Amino acid sequence: MPNSETSNVEAHLDWDDGVEAARKWKVQTAVSGRPTNEALIELARISPGMKVVDLASGSGHPALDIARVVGPTGHVTATDLSSKLLAVAEEKSKEQGLSNLSFQEVDMENQPFPDETFDIVTCRLGIMYARNVHKALSEMLRVLKPDGRVALVAWGPDKDDPRKSTVFNVLMKYSKSSSPDPAIALPSSFSEPGKLSKALIQAGFKQVHEETRNIEFPFPGSPDQAWEMVHDGAIFFRKTIGSLLPEERRKAGVEISKAWSQYYDGHYTTFTAPVVLASGVR
């Protein structure tokens, strides 16, 4: 899992695999991710006119929502390792009439920006995948202006997330392997209370704050559609899903959808999951 050493698991992940799903499900992911984006924006204390860099922006979340907050006098630099995902984010920005964003392929551990460039650094559900977390956080500190703020969101414990725990348990039931793909554990590498705030302090941040909060992820659609979206974009479960026979895959999908039916109100399939929110000041 990510720490001061290079993560071999992360090195084998191909984020470009999520491009097709990002386009297909762009409306649903925007709705589902909005409560998390709002929590991040509040944590970062973002206001009109600010200059923000968003790391691991993927297909545009939360950069697009941040751009609305900073307004025409502010600017958001959306960054990611995947230029293909950023292209999807740029398409969305044009569709939504947002002109206060730029898009740049950036490794959060080696940022090309000058010292003291940004008022705010944000990273939603991305810090867990840094190969060298201390280096990534040190770079965030470097590019912030004096008294600038970093705001991070990481996943909480998998056992308390009904989406992940259901998918994991059902897939392992049908899988021929007795041990899961190591990549599955990667997203929860900062779920232990205090771990992320400790890393921020070690990197040199002050006024560090951390909390674990349960946040809703409202998916506009049925449990079947929710599973289809997860299946389409399942980078971490792809190896396990690919090992199943077609009939096993079908049965697993039916079982997952049935388990998720308790979260469906006829319009939305709404999951509540824990996330870790952490911030610090330069």
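## A walk to strand β7

Start with the charges: the protein has 32 positive and 37 negative ones, and their mean positions lie 1 Å apart. Keep in mind as you look around that this is a predicted model.

Now zoom out and show the whole chain as a cartoon. You should find 11 helices and 7 strands. The radius of gyration is 18 Å, close to the 19 Å that the globule rule gives for 282 residues, so the protein is as compact as a globular protein of that length. Line the view up with the principal axes, and the C-alpha atoms fill a box of roughly 55 × 40 × 30 Å.

Switch on the surface next. About 12600 Å² is accessible, with 51% of that belonging to carbon and sulfur atoms. Underneath, 54% of the 282 residues count as buried. If you draw contacts, take those with a separation of 6 or more: 82% of them join residues 24 or more positions apart.

Time to go inside. Select residues 268–281, which make up strand β7. Is this strand largely enclosed or not? Of its 14 residues, 11 are buried, so the rest of the structure largely encloses β7.

Which strands pair with β7? Add residues 206–220 to the selection: this is strand β6, which runs antiparallel to β7 over 13 bridges. For a landmark there, pick P218 and look across to its bridge partner in β7, T270.

Then add residues 144–155, strand β5, also antiparallel to β7, here over 7 bridges. Label A154 and find V276, its bridge partner in β7.

While the side chains are on, remember that in a regular strand they alternate between the two faces of the sheet.

How values were computed
Residues are numbered from 1 along each chain as its sequence is written. This is a predicted model: local features need pLDDT of at least 70, side-chain atom pairs count only at pLDDT 80 or more; totals for chains, interfaces and linings use all residues. Side-chain values use heavy atoms; hydrogens and water are left out. Helices (H or I, at least four residues) and strands (E, at least two) are DSSP runs, numbered from the N terminus. The radius of gyration is taken over C-alpha atoms; the globule rule is 2.2 Å times the number of residues to the power 0.38. Buried means under 20% relative accessible area, exposed over 50%, partly exposed in between (1.4 Å probe, protein chains only). Contact means heavy atoms within 4.5 Å. Accessible areas come from the Shrake-Rupley method with a 1.4 Å probe; for residues, only the protein chains shown count as cover. Lys and Arg count as positive and Asp and Glu as negative; His and the chain ends are not counted. The place of a charge is taken as NZ of Lys, CZ of Arg, CG of Asp or CD of Glu. Two strands pair if DSSP finds at least two bridges between them.
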